[in-house]
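Trainee: I've got the viewer open and some time to spare. Can we go through this one together, question by question?

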Amino acid sequence: MSRQIKIEKTSTPKEKPDQRNLGFGIHFTDHMFIMEYETGKGWHNERIVPYAPLSLDPAAMVFHYGQAVFEGLKAYKAADGRVLLFRPQKNVQRMNISNDRLSMPPIDEELFLDALQQLVQVEKDWIPVEEGTSLYVRPFIIATEPFLGVRSADHYTFMIILSPVGAYYPEGINPVKINVENKYVRAVSGGTGYAKTSGNYAASLKAQVEAKDKGYTQVLWLDGVEKKYIEEVGSMNVFFKINGEVITPALNGSILEGVTRSSTIELLKAWGVPVSEKRISMEELLEASNNGTLEEAFGTGTAAVISPIGELRWEDHVMVINQGVTGELSRKIYDTITGIQSGKIEDTFGWTVEVK
Ligand SMILES: *Cc1c(COP(=O)(O)O)cnc(C)c1O
């Protein structure tokens, strides 16, 4: 049974940004969803209100102990005017997996989906329609209880904010250059790698800064113990096409299970392209690069969808992949997923959810 969500509309709507020049995560819509949690009382006071800054106690536990989880998905407006979300149930389920790992309270899946749909419905005029654009949806939860002392908090705030976006990387569907990280690690077995939690990103920034200084857009993370096996790219899962077979690192507890990763695997299976989830080392990848069997490499994630990798640097080795241009399969996956997301291609998988 869905609960009543109060809606308070803004009296001062903002001017909408130019759809051809949105950037990513810069502009925010007129409204946001918010509700609170208290131990004993549960989630309550669910409402859609004008987008505005929060007021938090300086002792709010998120500032000190980092209990924060988030999600990311996209809404599209189809040519026939339908508003489509891409596999939102997956984000809801994953947020509860993250909540569990961070010792935070679960969210009722139905309430989350209802809030998501109602907010997107209120803001549907904000969904851009230019090629490559969409409305990015960012749900998140933070610990708000004012308390100093290490324990799980008793008060939380859940919010959903929306941002009309263009391409995540300035490169768009053009290949990015990636540095293989040899010093820092992102996650280890038994840690929080499989949870979408802010702390994982905080721990990754130094490596990203150092990669940028060397002229690389992103970091490819290796396993946290031997620094030998490939895990994932900054905010994306990673795939390699080697000698006709597509390989992605198997989920091992330190890798985030991406919705785009799952969708890519399902698509490849439907197309009859050999695809496997297994452990793959940098040595194996370098060998494939040297003997000419490394045909394509790409990252997958909601923000960029598919991001081809044109160059990988590992220690002194520079691997140029597919002459640094977007591969045929990468392009086909990108076109198919974005086609389904935006309603241009028939959704035979039942992935999209229409907002009514
Ligand atoms: C969000 C995220 C991904 C991609 O997941 P999608 O559901 O495809 O957007 C991959 N790796 C990390 C670390 C992430 O946070």
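Mentor: Sure, and let's start with a side-chain pair: Arg 94 and Glu 71 meet in a salt bridge, 2.7 Å from N to O. Keep in mind that this is a predicted model.

Trainee: Where do Arg 94 and Glu 71 sit, and how many residues apart are they?

Mentor: This pair links distant parts of the chain. Arg 94 belongs to helix α2, while Glu 71 is in the loop between β4 and β5. Along the chain, their separation is 23 residues.

Trainee: How many salt bridges does a search of the whole structure find?

Mentor: The pair of Arg 94 and Glu 71 passes the test, because a side-chain nitrogen of Lys or Arg has to be within 4 Å of a carboxyl oxygen of Asp or Glu. Searching the whole structure gives a total of 16.

Trainee: Okay, domains next. How far apart are the C-alpha centres of domain 1 and domain 2?

Mentor: Domain 1 covers 6-166 and domain 2 covers 176-341. Take the C-alpha centre of each, and the distance between them is 27 Å.

Trainee: Which three residues supply the most of the area that domain 1 buries against domain 2?

Mentor: The contact takes 21 residues from domain 1 and 22 from domain 2. Between them the domains bury about 1,900 Å², with 58% of it on carbon and sulfur atoms. On the domain 1 side, 33% of the buried area comes from three residues, more than from any other three: Phe 86, Arg 94 and Arg 101.

Trainee: Which residues form the salt bridge between domain 1 and domain 2?

Mentor: The rule finds 12 residue pairs in polar contact across this interface, but the salt bridge count there is 1. Look at 266 in domain 2 and 87 in domain 1. Their closest N and O atoms are 3.2 Å apart, and the partners are Glu 266 and Arg 87.

Trainee: Which element gives the most to the side of domain 1 that touches domain 2?

Mentor: By class, that side has 11 nonpolar, 4 polar and 6 charged residues. The elements that give two or more residues to it are β4, β5, β6 and α2. The top contributor, with 6 residues, is α2.

Trainee: Last one: which residue places a backbone N or O atom 2.7 Å from an oxygen atom of the ligand?

Mentor: There are 15 residues around the ligand, and Thr 260 and Thr 302 are among those that come nearest. Thr 260 has a side-chain N or O atom 2.6 Å from a ligand oxygen, and a polar side-chain atom of Thr 302 also lies 2.6 Å from a ligand oxygen. The backbone atom at 2.7 Å belongs to Val 259.

Terms used. Residues numbered from 1 in each chain as written. Predicted model: local features only at pLDDT ≥ 70, side-chain atom pairs only at ≥ 80, totals over all residues. Heavy atoms only, no water. Domains from an automatic or database assignment. Contact = heavy atoms within 4.5 Å. Buried area = accessible area lost by both parts, 1.4 Å probe. Polar contact = N/O pair within 3.5 Å; in protein donor to acceptor, adjacent residues only side chain to side chain. Helix = DSSP H or I, 4+ residues; strand = E, 2+ residues; numbered from the N terminus. Nonpolar A, V, L, I, M, F, W, Y, C, P; charged D, E, K, R; others polar. Near = heavy atom within 4 Å.
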